[in-house]
Amino acid sequence: MDVGTLRKQLSTTVLADVYRFFRYALPDFVLNRIVRTMRRGQVRKATLYPFRLLASKLKRRPRRVMIDLVSVCNLRCPMCSVPPDIAIGATQKKHLDLVEFKRIADELEGHVTDLSLVYSGEPLLHPSFKEIVEYAKTRFYLSTISNGTVIKGGRLEALVDGIDYLQFSFDGLSKESYEKYRVGANYDSVLANVNAVIDAKQRAGLGLPVVTITFLVNSYNEDEVESARSYWLENRGVNYFFDKPINLNVHRRSDDKKEHDLVHWLPRKSKMTLYKTDEASGAIEVEKKRAPCSIVQTPVIRGDGEILMCCHDLNNSVKIGNIENNNLVELWGSQKYATIRERGANRQYPICKVCGK
Ligand SMILES: C[S@@+](CC[C@H](N)C(=O)[O-])C[C@H]1O[C@@H](n2cnc3c(N)ncnc32)[C@H](O)[C@@H]1O
Ligand code: SF4
Ligand code: SF4
């Protein structure tokens with residue numbers, strides 16, 4: 001039996017749950033959510049957290065809501081998960097107004113514990129990113145995902161003082177492989193930016209934000225995964241490093257490229273893939289997943305106010321409502337939304353067949 005198979009089998013045992021609890025859940029819950037947040041001066045947020053979490057566990061509230069701050073990007077990654085030019089809301093509004101953000105945050109406060117400040121595009125391009133974080137940081141656990149290209153104008157301080165979970169996308173440990181996927185980015189400048197944030201976090205000495213590096217594994221960078229893992233975890237002391245399978249995202253393209261045009265991106269040696277490929281017939285299939293989908297538990301408020309079932313339903317194929325004239329928490333409690341969550345969890349919508357989750 002090879003290591004991969006053994007790992008797969010172990011991952012379904014109780015032992016794996018115990019490991020995950022001590023490795024991830026306990027430090028997250030006790031250290032970051034309670035101890036470190038209190039040391040940051042966010043006492044109310046930390047104290048109320050267990051009660052709000054319980055409400056979400058009882059299915060009465062969403063725990064986390066994603067908010068689409070911007071629908072523009074300065075990069076052109078060839079298979080972007082949420083291409084700004086495809087997300088329908090993007091054509092209407094480039095930035096969510098600060099006033100509108102505050103209204104949404106006020107509505108969700110006391111109900112939702114976490115806001116993810118990311119969806120389509122690059123969130124740090126929002127002109128009021130700093131003010132958004134300042135407004136929300138004592139009320140919610142804030143997370144965001146960034147390509148790390150724009151860390152100026154007070155953004156570094158906002159990330160270090162106000163964001164709880166920060167994920168940088170960094171797909172390569174050489175200029176060549178990194179810039180192959182991150183089209184438009186400069187390797188040296190992004191590396192310097194990410195390291196500047198890590199250094200500032202270490203100087204602040206609070207252990208926040210939790211910093212994660214994600215590495216999308218493709219055929220051009222697959223040999224660098226282990227060196228990247230050791231660079232980020234051992235040399236730079238980030239909290240987590242996740243290698244992630246790349247999605248070809250053909251259903252989200254504005255051109256007519258199909259799987260066979262993009263198959264060259266799929267890793268050849270790594271098992272980190274969502275696809276089964278058959279060299280002889282050229283067939284490419286999405287691997288089937290068995291566990292219920294949990295992503296449907298996180299609604300997205302798109303730039304035009306539409307509430308999306310999940311971050312994969314870019315075109316709003318499953319209608320829930322608009323935040324302009326609906327209260328998200330009330331909708332969440334409705335029978336209609338409960339049914340949508342159940343059907344999403346069981347992957348019963350057409351979009352679920354192609355989303356790769
Ligand atoms: C759409 S981006 C938005 C945030 C930011 N612009 C960035 O790239 O980090 C959010 C996430 O999608 C991931 N992503 C991009 N292309 C992907 C692909 N083809 N398959 C899977 N994930 C992808 C990125 O690595 C990132 O973690
Ligand atoms: S940086 Fe993020 S949003 Fe921009 S194109 Fe790349 S994956 Fe998409
Ligand atoms: S399986 Fe369905 S509910 Fe889950 S992420 Fe995909 S589209 Fe969304």
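Here are some worked exercises on the structure above.

The model is a predicted one, where local features need pLDDT of at least 70, side-chain atom pairs count only at pLDDT 80 or more, and totals for chains, interfaces and linings use all residues. Residues are numbered from 1 along each chain as its sequence is written, while chains are lettered from A and ligands numbered from 1 in the order in which they are written.

**Exercise 1. Overall build**

Task: work out how many helices and strands the protein chain has, and how its radius of gyration fits the globule rule.

Step 1. Start with the secondary structure: 13 helices and 11 strands. Helices (H or I, at least four residues) and strands (E, at least two) are DSSP runs, numbered from the N terminus.

Step 2. Now the radius of gyration, which is 20 Å; the globule rule gives 21 Å for 357 residues, so the chain is as compact as a globular protein of that length. For the record, the radius is taken over C-alpha atoms, and the rule is 2.2 Å times the number of residues to the power 0.38.

Step 3. Along the principal axes, the C-alpha atoms fill a box of roughly 60 × 50 × 45 Å.

Step 4. Next comes burial: 36% of the 357 residues count as buried. A residue is buried if 20 or more other C-beta atoms lie within 10 Å of its own, exposed if 12 or fewer, and partly exposed in between, with C-beta atoms placed from the backbone.

Step 5. Finish with contacts, meaning C-beta atoms, placed from the backbone, within 7 Å. Taking contacts between residues at least 6 apart in sequence, 71% join residues at least 24 apart.

**Exercise 2. The open sheet**

Task: find which strands form the open sheet, and in what order.

Step 1. Read off the order of the nine strands: β6-β5-β4-β3-β2-β1-β9-β10-β11, with mixed pairing. Two strands pair if DSSP finds at least two bridges between them.

Step 2. Look at the edges, β6 (240–245) and β11 (321–322), each of which pairs on one side only.

Step 3. Go in from β6: six bridges join it to β5, and the two run parallel. One of the partnerships links I213 with F241 in β6.

Step 4. Move to β2 (residues 114–116), which runs parallel to β3 and is joined to it by three bridges. Here S116 has S143 in β3 as its bridge partner. As for cover, five of the six residues of β3 are buried.

Step 5. At the other edge, G321 sits in β11. With 18 C-beta neighbours inside 10 Å, G321 counts as partly exposed. Beyond its neighbours within four places in sequence, G321 is in contact with I307, N326 and L331.

**Exercise 3. The nonpolar core**

Task: pick out which residues of the largest nonpolar core touch the most other members.

Step 1. Define the core: buried Ala, Val, Leu, Ile, Met, Phe, Trp, Tyr and Cys residues joined through C-beta atoms within 7 Å.

Step 2. This core has 65 residues, and V65, I67, L115 and L142 touch the most other members. Strand β5 (residues 210–217) gives the largest share, six residues.

Step 3. Zoom in on I67: not counting residues up to four places away in sequence, it touches L96, I104, L115, S116, L117 and I301.

**Exercise 4. Three ligand shells**

Task: list what surrounds ligands 1, 2 and 3.

Step 1. A residue is near a molecule if its C-beta atom, placed from the backbone, lies within 6 Å of it. Ala, Val, Leu, Ile, Met, Phe, Trp, Tyr, Cys and Pro count as nonpolar, Asp, Glu, Lys and Arg as charged, and the others, Gly among them, as polar.

Step 2. Ligand 1 has 17 residues around it, the closest being M79, S81, E122, S169 and N247. That shell has nine nonpolar, seven polar and one charged residues, and β3 (141–146) and β5 each supply at least two residues of it.

Step 3. Around ligand 2 you'll find C73, L75, R76, C77, C80, G121, E122 and N147. By class, that's four nonpolar, two polar and two charged.

Step 4. Ligand 3 has 14 residues around it, and C293, C310, G344, C352 and C355 come nearest. Its shell splits into nine nonpolar, two polar and three charged.

**Exercise 5. Backbone oddities**

Task: locate the cis peptide bond and say where N249 lies.

Step 1. The cis bond joins L208 and P209, with omega about -5°. P209 lies in the loop between α8 (187–204) and β5.

Step 2. N249 is in the loop between β6 and α10 (259–262). Its phi is near 50°, a positive value in a residue other than glycine. N249 is buried, with 22 other C-beta atoms within 10 Å.

Notes
Two residues are in contact if their C-beta atoms, placed from the backbone, lie within 7 Å.
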